[in-house]
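Hello,

Here is the structure I promised to send over. Have a look at it first, and then read on for my notes.

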Amino acid sequence: MAILDSRAYSIPSIVTPVGGIPDIAVHKKNTLLFEPGNIEQLAECLEELNKDTKLQETLSKESIFLSKQKFSISVISEQLDTIYYNL
């Protein structure tokens, strides 16, 4: 949920590709990814995000777009309606 929360507030995130995250995370498009336990990769992501304001803006804009297009209350409600209707 933390990644969805950060996206809803247009906060760039750095995450590991575990669980359902790969379904919504695209490296350098809407987040930065690093392999679990790879501290060097995490440090590189932190440094890159800290130094690159254009990347910060790109990740922020794409994150807010994704949160509104896929995870808004209206979108989720519509998907649930479809699921219940089909049951």
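**Notes on the chain**

Let me start in a loop: Lys 28 sits between strand 1 and strand 2. Please keep in mind throughout that this is a predicted model. The phi angle of Lys 28 is positive, near 65 degrees, and the residue is not a glycine. Most residues other than glycine have a negative phi. As for its surroundings, Lys 28 is partly exposed, with a relative accessible area of 41%.

Ser 10 also has a positive phi, about 60 degrees, although Ser 10 is not a glycine. You will find Ser 10 in the loop that joins helix 1 (2-8) to strand 1 (14-15). Is Ser 10 buried, exposed or partly exposed? Its relative accessible area is 27%, so Ser 10 counts as partly exposed, between the 20% and 50% cut-offs.

Now for the overall layout. The chain has 4 helices and 2 strands, and their order from the N terminus is α-β-β-α-α-α. Along the principal axes, the C-alpha atoms fill a box of roughly 50 × 25 × 15 Å. The chain has 87 residues, and 25% of them count as buried. About 6,200 Å² of the chain is exposed, with 57% of that area supplied by carbon and sulfur atoms. If you count the contacts with a separation of 6 or more, 40% of them join residues 24 or more positions apart.

On charge, there are 8 positive and 12 negative side chains. The centres of the two sets lie 7 Å apart.

How do helix 2 and helix 3 pack, and at what angle? Helix 2 covers residues 39-51 and helix 3 covers residues 53-70; the angle is about 100 degrees and the axes are 5 Å apart. Helix 2 is therefore roughly perpendicular to helix 3, a term that takes in angles from 65 to 115 degrees. On the helix 2 side, the contact is made by Glu 48, Leu 49, Asn 50 and Lys 51. Helix 3 contributes Thr 53, Leu 55, Gln 56 and Leu 59.

Leu 33 is a good residue to click on next. Leu 33 belongs to strand 2 (residues 32-33). Which residues does Leu 33 touch, leaving aside those up to four places away in sequence? They are Val 15, Thr 16, Pro 17, Ala 25, His 27 and Cys 45. The C-alpha atoms of Leu 33 and Ile 14 are separated by 5.7 Å, with their positions 19 residues apart along the chain.

Further along, Lys 70 is part of helix 3. Lys 70 counts as partly exposed, because its relative accessibility is 47% and the cut-off for exposed is over 50%. Setting aside residues up to four places away in sequence, Lys 70 touches Val 75 and Ile 76. The C-alpha atoms of Lys 70 and Ile 24 are 9.4 Å apart, although the two residues are 46 apart along the chain.

Finally, take Leu 87, in the segment after helix 4 (73-86). Leu 87 counts as exposed, because its relative accessibility is 80%. Leu 87 and Leu 49 are 38 residues apart in sequence, and from C-alpha to C-alpha they are 45 Å apart in space.

Best wishes

Notes. Residues are numbered from 1 along each chain as its sequence is written. This is a predicted model: local features need pLDDT of at least 70, side-chain atom pairs count only at pLDDT 80 or more; totals for chains, interfaces and linings use all residues. Side-chain values use heavy atoms; hydrogens and water are left out. Buried means under 20% relative accessible area, exposed over 50%, partly exposed in between (1.4 Å probe, protein chains only). Contact means heavy atoms within 4.5 Å. Accessible areas come from the Shrake-Rupley method with a 1.4 Å probe; for residues, only the protein chains shown count as cover. Lys and Arg count as positive and Asp and Glu as negative; His and the chain ends are not counted. The place of a charge is taken as NZ of Lys, CZ of Arg, CG of Asp or CD of Glu. Axes are lines fitted to C-alpha atoms, for helices over the stretch in contact, and angles run from 0 to 180 degrees between N-to-C directions. Angles under 35 degrees count as roughly parallel, over 145 as roughly antiparallel, 65 to 115 as roughly perpendicular and the rest as oblique.
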